[in-house]
Amino acid sequence: MFRLLTGIFLLLSVQHSGAVESIDKHLDFKVFLNDRAVGSHSFVLQEQGERLLVSSTISLDFTVLMVKKIKYRHQANEVWQGGCLVSLKSQTEKQGKNYTVDAITNGSGLVVESKEGLETIPGCARGFAYWNPLLLEGEFLLNAESGQYLPVEITSRVSAQDNITHMLIAGSKADVRLQYDAAGNWLSLESKLQIGGLLRYQRVPANPSSTGE
């Protein structure tokens, strides 16, 4: 399940020949398993000219079946340009094991290196960009933890009552349900874990000193 959630995420150091104004946006979520707080997931989105740099950090600690302790850490840096994912670098620690993914665009497409080996994704590659529903449009999305390009089916509906958009990302192993307000701001996430329980994201109000939406 975490592979699907973290497909999501994201900050590469990019060299520029001239000064480019940077606009930062912070998204912070408390993470719950059922009704119990188990960690946090934060994003920093940074616009630099035509590029969008996204940094994502997740930290989870919880117990399942009353005895099995789960420790999960994930940090990813992505660069997006023209609505496409052009590079990715991620590190994941899960139950004492470490995983890395490196991806960079060349003339053939996005070349992804992971424990599975090398894979080239032709055309415009996309990932689990929960922070922008427009970037979720596609039949495949790149998982930032595993490096797998996963088939998905995405549907959405708008509630006439409160104008909230409800989106469903249906995958082969898990489904993810998302909510966005009328302006497209990401509000929440829910997904049932294979190991049991409902994983839920609750948006933390933005710090007044940070860049607003």
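In the predicted model, Lys89 stands opposite Asp102 in β6. Lys89 belongs to β5, and its partner on the other side is Asn77. Lys89 thus offers a way into the three strands β4, β5 and β6.

Strand β4 covers residues 68-81, and strand β5 covers residues 84-94. The two run antiparallel and are joined by 10 bridges. They form a hairpin with 2 residues between them. Gly82 sits in that turn and has a positive phi of about 60°. On the next side, β5 pairs with strand β6, residues 97-106. This pairing is also antiparallel and runs over 8 bridges. The hairpin of β5 and β6 again has 2 residues between the strands. Here Gln95 takes a positive phi, near 55°. In a regular strand, side chains alternate between the two faces of the sheet.

Strand β5 also carries one end of a disulfide. The structure holds 1 such link. It joins Cys84 to Cys124, with an S to S distance of 2.0 Å. The angle about the S-S bond is -115°, and the link is left-handed. Cys84 lies in β5, whereas Cys124 lies in the loop between β8 (117-121) and β9 (140-142), so the pair ties together parts that are 40 residues apart in sequence. A disulfide is a covalent bond between the sulfur atoms of two cysteines. The two ends can also be described by their accessibility. Cys84 has 17% relative accessibility and counts as buried, because the cut-off for that class is under 20%. Cys124 has a relative accessible area of 38% and is partly exposed.

A further set of strands involves β11, β12 and β13. Strand β11 spans residues 153-158 and is joined to β12 by 6 bridges. The two strands run antiparallel. Val158 has Thr165 in β12 as its bridge partner. The hairpin of β11 and β12 has 6 residues between the strands. Within this hairpin, Asn163 takes a positive phi near 65°.

Strand β12 then pairs with β13, in the antiparallel sense and over 6 bridges. Thr165 stands opposite Tyr180 in β13. Thr165 is therefore placed between two partners, because Val158 pairs with it as well. The hairpin of β12 and β13 has 4 residues between the strands.

Ala174 is located in the loop between β12 (165-170) and β13 (175-180). Ala174 is buried, with a relative accessible area of 9%. This value falls in the buried class because it is under 20%. Ala174 also comes together with a residue further along the chain. Ala174 and Lys192 are 18 residues apart in sequence. In space, their C-alpha atoms are 7.0 Å apart.

Another buried position is found in strand β2. This strand covers residues 36-48 and contains Gln46. Gln46 has a relative accessible area of 16% and is buried. The side chain of Gln46 makes a polar contact with the side chain of Asp24, at 3.3 Å.

Conventions
Residues are numbered from 1 along each chain as its sequence is written. This is a predicted model: local features need pLDDT of at least 70, side-chain atom pairs count only at pLDDT 80 or more; totals for chains, interfaces and linings use all residues. Side-chain values use heavy atoms; hydrogens and water are left out. Buried means under 20% relative accessible area, exposed over 50%, partly exposed in between (1.4 Å probe, protein chains only). A polar contact is a pair of N or O atoms within 3.5 Å; within protein, one must be able to donate a hydrogen and the other to accept it, and residues adjacent in sequence count only if both atoms are side-chain atoms. A disulfide is a pair of cysteine sulfur atoms within 2.5 Å.
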